[in-house]
Structures are given as C-alpha cells and as structure tokens.
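Biologist: Could you take me through one part of this model up close, and then show me how the rest is put together around it? I'd like the helices and the odd backbone spots in particular.

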Amino acid sequence: MKKRLLSVILALLMAISGLCVTISAVDVEFSVSAASAVLINADTGTIVWEKNAYEQRAMASTTKIMTALLTAEAGELDRKFAVDRYAVNVEGTSMGLKAGDIVTRRALIYGMLLPSGNDAANAAAVSVSGSMSAFVELMNRKAAELGLENTHFANPSGLDADWHYTTAYDLARLAAAALENPVFAEICRCSDAQVEFGNPPYLRWLSNSNKMLWQYEGCIGVKTGFTDNARRCLVTAAERNGVRLICVTLNAPDDWDDHRKMLNYGFEQVKPTEIVLPNPVSIPVIGGYEQDVTLVLRETVKLPLSEQESSTVRVELYTEPFLYAGFAAGSRAGSARIYLGGRFVSEVELVTSYGVKAQEQEPGFWSKLWQFLRRFVGV
C-alpha cells in the first residue's frame, strides 16, 4: 500500500534524562596543557570540546591505531610467519622482536598497541602489504575512505618524518572507527597480555603504556605516543552509562590530567536521551470496533546526546494509510527513521499499541433467504 509520510521535529519534545550543553573551549572553567585537543561523542561524531582541533601536527605512536586497524582487517591473525629482518631494524620503542622470530599478526597487534613496538608495526606492515612503502599507501587510502582530510602517513610506526601528520579531530575519528573492529577493541583495552613469539616461540608478558586504563573509570583504550617532534600524544576512549567519549591531545606536557578534565566534562554534558514520539500517532482502521489505532515504537531508542545535539534530532514516520481490523497489539504498521543533524542514525518499526477486532457483519437479504432454504430442505 502507498505509504504516508509524516515529518516530525523533536527538538523540544523529546524525553531527555538530563540537560547538557555543548560549549566552546573559551567558555568552560578548565584549560589543558595540549597544543591541540578534542573531545568527541563517539556515537555521533559530534565535538563536545576542542582546542585547535583542526591544526595539523605530528602524531607519534598514535599512528599505530591505523596500523593495528589495518592489520586486524587483513585477517589470518593466527597464521605464523618469520619476521623480516629489515622490519625490526628500527629505533624507538620495541616489542622485543628479532629477525627470524616466529610470530602472528595478532601478537603484533598486541606488540604495537601495548608496549608501542615500532618493530611490531613494521613487521605487521610487511606481513600485510609485502613492504612498508606499500603499507603506507594502504594507510593513506584508508584515511581517505574514512574522510580524514587533514591526515597523511609516511610510516607505520609514527616516527618523525616529513608528510607524517594528522589533527586531533581526525585522530579522534580514526579511533572511533578502529574501536568498531572487535579485535582492535579487545586488545587496546588490555593493561597487559601474554603473547607468544621467538625462535622457537615462547610465552612472554607485554605491558600497556596507557595508564589511563587503570586510573580512569570506564577507560577502554586507546594509545599513547611520544617523539621529540610530536612530544606527548594520547588518545583515550571511555564509556559510562551508555555514553562513549574519545579524547585526543597532541603535544600535551600534562596529558593524563588533560584527559581526566576533558572526559569528566564530557560525561557531565552528554547523557543517554530517550527518543519518543511527540504526540500520539494514529492511522484509520477499516471494518473494526475502533475507527483508528495508536502507533508506538516497537523498542526504546536511546542516543547519547548533548542539548545542542538533541535540537538537531528529526524523526520521519512512514505509516500505512490504514489497517483492516482483525489485528493484535504489536502488529507492524510502518517505521520511524531517526536522523541527527541530517545524518541517518537508525530505523525502528512502528507497531499498534493495541489490537482491534473486526466487526461481525449483519447478514443481507439473499444470505438470510439461503440460510432459510437450507434449514427448510434439510441441507
């Protein structure tokens, strides 16, 4: 049947569990040491707080977020192979690999995300693409796919190099995408892990350099970084009460404190927000004891939103023009499409809030005559 479209603006009519406001950096009561910083709502991508978030800067080992994501996406995570000798000939932080060591891609993801091994990043790059240069091309293609317009990679590890840069905002978006990968998400939240490598392989412990994991409630990752040029860099993700925030600082002398301030602020501003229909929505019923029926959402929909974000929510209702009587409560009658700032978020079924029985029809003249004749002749 032809659908009926109702466009409903929910800006002031949503059931909001708490008021929250998106405020620019100059309006809040705290400052950060970082040269560039951003806090985003991971579920919506909206900036909650920022300072020079679009300024291009070196990113140090936060580069390994991209390297680890691409390694996880490449698959064959538990296939064993020998480490290329050129890959481990690198300065800086190390997983402890030696040329010829037998290792897996999964172990290398642990090695680059926990102790931030440059050797692990390079070995993974060679394993996935055949060479580090080919892998760098893959990194930049992935950045383009994710819409990271102010990011360019020159190596898999994050060592200082020309044309190796990002922004706080791009890095936050990269982290949000990486956390959607279950392998990446599982590994980056580990404070330590036991992995096997060597020649012959044996088990050994790796520790995470990200102390936010045990110092901040709800922290689920993501990555530390440092070089002489980039200085201290940090990407943190945290979850509380259904809200996921991602915090990024670049060139931040006091990054641990910066992140605590920003995350605390974010959890005060962004709250789970239930989306409800603003007024009773009903459609006609044909052939029933009720002339119409009220529709409701089949399931509760909650989005983590600030007050500013909630003002951009729009719900479009697509319903049947009418229903024939004889349906039960919970019968499908359309759908609700939820948009945030013009971007599609989700779709939920619209169902009947109660059932409507069909009316019993009074028999007409010919029907009554036929019934009489059948009784009269005994058929």
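Modeller: Let's start with helix H2, residues 105–113, in what is a predicted model. Eight of the nine residues of H2 are buried, so the helix is largely enclosed by the rest of the structure. The buried ones are Arg 105, Ala 107, Leu 108, Ile 109, Tyr 110, Gly 111, Met 112 and Leu 113. That list isn't purely greasy: Arg 105 is on it too.

Keep an eye on Leu 108, because it leads straight into the core. Together with Met 95 and Ile 246, Leu 108 is among the residues with the most contacts inside the largest nonpolar core, which has 68 residues. Helix H5 (residues 168–179) gives that core its largest share, nine residues. There is also a second, separate core of 23 residues, and Ala 34, Cys 219, Ala 252 and Tyr 265 are included in it.

Met 95 is a good place to see how H2 ties in. Leaving out residues up to four places away in sequence, Met 95 touches Ala 107, Leu 108 and Gly 111, among others. Its partners also include Val 103, Pro 115, Gly 117, Asp 119 and Ala 120, plus Val 195, Phe 197 and Leu 206 from further along the chain.

Now for helix H1, residues 64–74. Nine of its eleven residues are buried, so H1 too is largely enclosed by the rest of the structure. The buried residues of H1 are Lys 64, Ile 65, Met 66, Thr 67, Ala 68, Leu 69, Leu 70, Thr 71 and Ala 72. Just after H1 comes Gly 75, with a positive phi of about 75°.

What does H1 pack on? One partner is H4: the two axes come within 10 Å and cross at roughly 95°. That makes H1 roughly perpendicular to H4. On the H1 side the contact is made by Met 66, Thr 67, Leu 69, Leu 70 and Glu 73, and on the H4 side by Phe 135, Leu 138, Met 139, Lys 142 and Ala 143. Sorted by type, those residues come out as seven nonpolar, one polar and two charged.

H4 (residues 132–145) also packs with helix H3 (residues 118–129), at an angle of about 85° and with the axes 8 Å apart. So H3 is roughly perpendicular to H4. H3 brings Asn 122, Ala 125, Val 126, Val 128 and Ser 129 to this contact, while H4 brings Met 132, Ala 134, Phe 135 and Leu 138. The tally here is seven nonpolar, two polar and no charged residues. Phe 135 and Leu 138 of H4 take part in the contact with H3, and both turn up in the contact with H1 as well.

Next, the odd backbone spots. Most residues other than glycine have a negative phi, and most peptide bonds are trans. Two residues in the loop before H1 are worth checking with that in mind. Asn 52 is not a glycine, yet it has a positive phi of about 50°. Asn 52 lies in the loop between strand E4 (47–51) and H1, and at 39% relative accessibility it counts as partly exposed. Ala 60 is in that loop between E4 and H1 as well, and it has a positive phi of about 55° although it is not a glycine. Ala 60 is buried, though, at 1% relative accessibility.

For the peptide bonds, go to Asn 199 and Pro 200: the bond from one to the other is cis, with omega near 5°. Pro 200 sits in the loop between strand E7 (192–198) and strand E8 (201–207).

One stop further down the chain is Leu 317, in strand E16 (residues 313–319). Leu 317 counts as buried, at 1% relative accessibility. Its C-alpha is 9.2 Å from that of Val 281, with their positions 36 residues apart in sequence.

Zooming out, the protein chain has ten helices and 19 strands. Of its 379 residues, 49% count as buried. Among contacts with a separation of 6 or more, 65% are between residues 24 or more positions apart. The chain exposes about 18,100 Å², and carbon and sulfur atoms supply 50% of that.

How values were computed
Residues are numbered from 1 along each chain as its sequence is written. This is a predicted model: local features need pLDDT of at least 70, side-chain atom pairs count only at pLDDT 80 or more; totals for chains, interfaces and linings use all residues. Side-chain values use heavy atoms; hydrogens and water are left out. Axes are lines fitted to C-alpha atoms, for helices over the stretch in contact, and angles run from 0 to 180 degrees between N-to-C directions. Helices (H or I, at least four residues) and strands (E, at least two) are DSSP runs, numbered from the N terminus. Angles under 35 degrees count as roughly parallel, over 145 as roughly antiparallel, 65 to 115 as roughly perpendicular and the rest as oblique. Contact means heavy atoms within 4.5 Å. Ala, Val, Leu, Ile, Met, Phe, Trp, Tyr, Cys and Pro count as nonpolar, Asp, Glu, Lys and Arg as charged, and the others, Gly among them, as polar. A nonpolar core is a set of buried Ala, Val, Leu, Ile, Met, Phe, Trp, Tyr and Cys residues joined through side-chain atoms within 4.5 Å. Buried means under 20% relative accessible area, exposed over 50%, partly exposed in between (1.4 Å probe, protein chains only). Accessible areas come from the Shrake-Rupley method with a 1.4 Å probe; for residues, only the protein chains shown count as cover.
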